[in-house]
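Let's take a friendly walk through some aromatic rings and see how they sit together. Have the sequence and the 3D view ready as you read.

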Amino acid sequence: MITQIAWNVFKNTGNIDTFLEFREVQRQVQNIENSIKVNEYENCQNKRNNNC
């Protein structure tokens, strides 16, 4: 979704810097999402091990 927004902004403005900034934001969001998934998985594993 962010990529599509970035592309539309680039088409309207012609500013490649804006496009690249949006792409960087997208990478940061993906990294945060991956970190959350890892933390949730680790928490789930810890809960499972504690219940044994």
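Helices (H or I, at least four residues) and strands (E, at least two) are DSSP runs, numbered from the N terminus. Keep in mind that this is a predicted model, in which local features need pLDDT of at least 70, side-chain atom pairs count only at pLDDT 80 or more, and totals for chains, interfaces and linings use all residues. Residues are numbered from 1 along each chain as its sequence is written, and side-chain values use heavy atoms, leaving out hydrogens and water.

Now to the rings. Rings of Phe, Tyr and Trp (its six-membered ring) pair if their centres lie within 6.5 Å; planes under 30 degrees apart count as stacked, over 60 as edge-to-face and the rest as tilted. There are three aromatic pairs in the structure. In one of them, Trp 7 and Phe 10 meet in a tilted way, 5.5 Å centre to centre with 40° between the planes. These two residues are about one helical turn apart, because they sit three residues apart in helix H1 (residues 2-13).

Trp 7 also pairs with Phe 19, this time edge-to-face, at 6.1 Å centre to centre and 80° between the planes. This pair links distant parts of the chain: Trp 7 lies in helix H1 and Phe 19 in helix H2 (residues 16-51), twelve residues apart. Together, ring pairs join Trp 7, Phe 10 and Phe 19 into a cluster.
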